Amino acid sequence: MLIRFEVENFRSMREPAELSMVAVDDERPITRAQTNLPASLVPAAGVFGPNASGKSNILAAMLWVSDAVRTSLRSWDEEIPVEPFLFGDAKDSDSSFVIEMTVSGVRFDYYLDIGRHSVSFEALYHYPAGRRRKLFEREGNELTLQRGLGELSGTRALLTDRTLALSIMRRFDEPHTSGFAHELLKMTPLGKQFEGTSRLPELERQSTLSLFDGAADQQMDLFDAFDDAELDTMFDGEEKLKVRGRAERRHNALTLLRMADLGISDVEIAKGPAIRAGRVSTGGARKNAQLVHEISGERVAFEFAAESAGTREWFNLIGPILAAIENGSVVLFDEIDSSLHPTLTAQLVKFFQDPSSNPNDAQLIFTAHDTNLLNRLNRDEIWLTEKGPDGATRFGALADYAGESVRRSRNIEAGYLSGRFGALPDVSRPEVLRELGLIG
């Protein structure tokens, strides 16, 4: 699970900005106790603030680190694609990132200082017995390893100014470095900011349904989970367990669909024509997904393309959400409320908060404008952004913005909308109103 993330000099985040998932009120049933960590963690966090205040940039910074570990070895040939703050001296300075996570009950800290042309500092530490131990440190191209990690010495031969040591080490079998890197790579991006990226789940526009583009095996497992022919087949041993897993995934996917109250009773994977926009398709028979609607006992299967945009949007999320729940991943959801009904958005947040529906400690970090969500979150799950006169983002916890302790019983939405916590768009500027002709 993510413990803490800090970023400095990235996009609008000029000064250090820290997002902590450590619970303040850790006696709540939704918090997750951690082995060898004197704190519990929260499974959800929401970032609120005006348009262009930098909400999405905190998510983008986390995803940037994940993608850097994924691609630096093969893609950073000419320049490092980091995005520093573009005003003043910051554009010529390093960007800095810190990620603290638990992996199999052990805390890991990863530090990275990086510029457009070289990596200045990189380090990974872990706490196997509650005390910090160095796995590796890298100053420029000078790499030091923890004693006993000689199998990683081959990293030095591949290390360059524009390659992360962790990108190289994840290709070795050393469990600590590769395990931490794997956790970073499991981050799942969803929402407006990430549309069009190769890591986003997408639905094919014709009849075949692609549920998850992050890993082909998970995609096919979830697709097959809706295939009754597959589920009715009996296997022995390991194959039987796989079938049972698909059946459970099918149940969970249908539960999410029905949670949306879209009038869908089932999903069928079939060969042959399906109803498309009120008429029967004439294309050749092939495997395709059909959403079954049931009215007065009559079942009709519609091809996915015939469904409403809202239905397609929600169904598009099921694959990556279930994969994250199964894998205990971090989901980064930009503008979670942009395409979903507020009630459905609140249910999705609750889905991550509830230990019974989220048994593997997956986490949801999202941005939103919907202030109704504020009263669905605890004071330690709310973060706010404002843009300063210098164009830089001010980012902090709800209580920090207020300058005082926020009581647990307080109506947070009412306090936010009244301006008590800041982070609201300024719609009272006289020069703007004058330009619009609203005042003389």
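L63 counts as buried, because its relative accessibility is just 8%, under the 20% cut-off. In this predicted model, L63 sits in helix α1. Its C-alpha lies 8.9 Å from that of L185, even though 122 residues separate L63 and L185 along the sequence.

Stepping back to the whole chain, the protein is built from 12 helices and 20 strands. Of its 440 residues, 52% are buried. Sequence-distant pairs are well represented too: take the contacts between residues at least 6 apart in sequence, and 60% of them join residues at least 24 apart. As for the outside, the accessible surface adds up to about 20400 Å², and carbon and sulfur atoms account for 48% of that.

Now for the sheet that helix α1 packs on. Seven strands line up in the order β2-β1-β6-β7-β8-β9-β10, with antiparallel pairing, and the sheet is open. Its edges are β2 (residues 17-20) and β10 (residues 142-145), each of which pairs on one side only. Going from one strand to the next, the twist averages 5°. Helix α1, spanning residues 55-75, touches four strands here, namely β1 (2-8), β2, β6 (95-103) and β7 (106-114). The direction of helix α1 makes about 100° with that of β1.

At the β10 edge, the neighbour is β9 (residues 133-139), and β9 and β10 pair in the antiparallel sense over 4 bridges. One of the residue pairs involved is E139 with E142, the latter being the bridge partner in β10. In general, strands of a sheet pair through backbone hydrogen bonds, whether parallel or antiparallel.

A further helix belongs in this picture. Helix α4 (residues 175-185) lies across β6, β7, β8 (119-126) and β9. Relative to β6, helix α4 runs at about 105°. Both helices therefore involve β6 and β7: α1 touches these two strands, and α4 lies across them, with angles defined between N-to-C directions.

Further along the chain, N378 is a polar residue worth a look. N378 is placed in the loop between β18 (363-368) and β19 (382-387). What is the relative accessible area of N378, and is the residue buried or exposed? The value is 12%, so N378 is buried. Its side chain makes a polar contact with the side chain of D380, at 2.8 Å. Leaving aside residues up to four places away in sequence, N378 touches D25 and R28.

Technical notes
Residues numbered from 1 in each chain as written. Predicted model: local features only at pLDDT ≥ 70, side-chain atom pairs only at ≥ 80, totals over all residues. Heavy atoms only, no water. Buried < 20%, exposed > 50% of the residue type's maximum accessible area, 1.4 Å probe, protein only. Contact = heavy atoms within 4.5 Å. Areas by Shrake-Rupley, 256 points an atom, 1.4 Å probe, with all protein chains shown as cover. Pairing = 2+ DSSP bridges. Axes fitted to C-alpha atoms, helices over the stretch in contact; angles between N-to-C directions. Polar contact = N/O pair within 3.5 Å; in protein donor to acceptor, adjacent residues only side chain to side chain.
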